[in-house]
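Colleague: I am new to this structure. Could you teach me to read it, one feature at a time?

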Amino acid sequence: MTHVSGLNSEAIRPLAAPEKTQGAPKVQRPDEDSQSRQPKAMMDEYVPEEPEEPSGRYWIGREQDGRPKIHFDDPERAAGAPNKPEEKWACDTGKVDREIEKLKKKQQELKQQLGTETDEGRIKELERQLAQTEQELREKDNDTYRKQHSTFTKLS
């Protein structure tokens with residue numbers, strides 16, 4: 001154990017006053033002129049944009065009564081483009097309908113002949129024809145076939 005009086009007095013140094021330290025920055029007081037200057041309030045400024053050219057895009061919007069509506073930005077209907085009159089077309093499925101009716105009549109006739117026929121060879125031939133007719137009806141008696149084989153005429 002050592003006595004307090006036996007400590008090295010050079011190891012303990014008094015703290016220096018802050019004014020006397022060399023690396024401490026000096027605090028600058030603001031000038032009275034800079035205090036009187038208040039920063040200007042920043043205001044937004046409206047800068048109008050030029051309308052964009054139509055791009056041909058779709059987007060969902062609302063009608064006046066709040067119902068959803070799909071809008072289309074049509075490049076052909078731009079402000080400078082002339083308005084084209086609407087084209088009107090008529091669709092005629094009469095030819096397809098007559099073809100289907102003909103197949104249905106043929107199917108009925110084949111069924112009647114099958115009911116009255118007694119010859120075994122003739123029965124097999126009628127069954128084959130009936131199966132073929134039914135297959136054609138399945139292929140043709142639908143909306144897809146009607147649309148593909150319809151005739152379109154331009155009205156205006």
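Modeller: Start with a definition. Partly exposed is what lies in between buried, under 20% relative accessible area, and exposed, over 50%. D97 is partly exposed, because its relative accessible area is 29%. Keep in mind that this is a predicted model.

Colleague: Before the details, how many helices and strands are in the protein chain?

Modeller: Begin with the elements, then read their order. The protein chain has four helices and four strands. Along the sequence the pattern is α-β-β-β-α-α-α-β.

Colleague: What share of the 156 residues of the protein chain counts as buried?

Modeller: The share is 10%. The exposed area of the protein chain is about 15,500 Å². Carbon and sulfur atoms supply 50% of that area.

Colleague: How do I read contacts along the sequence?

Modeller: Look at how far apart the partners sit in sequence. Take contacts between residues at least 6 apart: 47% of them join residues at least 24 apart.

Colleague: Now the strands. Do strand 1 and strand 2 run parallel or antiparallel?

Modeller: They run antiparallel, and five bridges join strand 1, residues 58–62, to strand 2. One pair to find is G61 with its bridge partner K69 in strand 2. The two strands form a hairpin, with five residues between them. In the turn, G66 has a positive phi of about 95°.

Colleague: Which residues form the nonpolar patch on the surface?

Modeller: The patch consists of Y58, I60, I70 and F72. Together they have about 510 Å² of accessible area. Strand 1 and strand 2 are the elements that give two or more residues to it. Take I60 as the case to study. I60 sits in strand 1. I60 counts as exposed because its relative accessible area, 69%, is over 50%.

Colleague: Next, charges. What makes a salt bridge?

Modeller: A side-chain nitrogen of Lys or Arg must lie within 4 Å of a carboxyl oxygen of Asp or Glu. By this rule there are nine salt bridges. One of them joins D65 and R67, at 3.0 Å from N to O. D65 is exposed, with 55% relative accessible area.

Colleague: Where is the salt-bridge partner of E87?

Modeller: The partner, K154, is in strand 4, residues 151–154. The closest N and O atoms of E87 and K154 are 3.5 Å apart. E87 belongs to the loop between strand 2 (68–72) and strand 3 (89–92). The pair links distant parts of the chain, 67 residues apart. K154 is partly exposed, at 47% relative accessible area.

Colleague: And which residue forms a salt bridge with D97?

Modeller: R146 does, with closest N and O atoms 3.1 Å apart. This pair too links distant parts of the chain: R146 is in helix 4, residues 143–148, and D97 is in helix 2, residues 94–116. They are 49 residues apart. R146 is partly exposed, with a relative accessible area of 22%. Follow the shared partners, and salt bridges join D97, K104, D141 and R146 into one network.

Colleague: Now a charged residue without a salt bridge. Is D73 buried or exposed?

Modeller: D73 is buried. Check the nearest side chain of opposite charge: R57, 4.6 Å away. D73 has no salt bridge, because the rule requires the atoms to be within 4 Å. D73 lies in the loop between strand 2 and strand 3. Leaving aside neighbours within four places in sequence, its contacts are E53, P54, S55, G56, R57 and W59.

Colleague: What does W89 touch, not counting residues up to four places away in sequence?

Modeller: W89 touches F152, T153, K154 and L155. W89 is in strand 3. The C-alpha atoms of W89 and F152 are separated by 6.5 Å, though the two residues are 63 residues apart along the chain.

Colleague: One last case. Is V96 buried or exposed?

Modeller: V96 is buried, because its relative accessible area of 2% is under 20%. V96 is placed in helix 2. With neighbours within four places left aside, V96 is in contact with Y145, R146 and H149. Look also at Q148, 52 residues from V96 along the chain. The C-alpha atoms of V96 and Q148 are 9.8 Å apart.

Definitions and conventions: Residues numbered from 1 in each chain as written. Predicted model: local features only at pLDDT ≥ 70, side-chain atom pairs only at ≥ 80, totals over all residues. Heavy atoms only, no water. Buried < 20%, exposed > 50% of the residue type's maximum accessible area, 1.4 Å probe, protein only. Lys, Arg positive; Asp, Glu negative; His and termini not counted. Contact = heavy atoms within 4.5 Å. Areas by Shrake-Rupley, 256 points an atom, 1.4 Å probe, with all protein chains shown as cover. Pairing = 2+ DSSP bridges. Patch = residues over 30% accessible without salt bridge, like charges linked within 9 Å, V, L, I, M, F, W, Y side chains within 5 Å.
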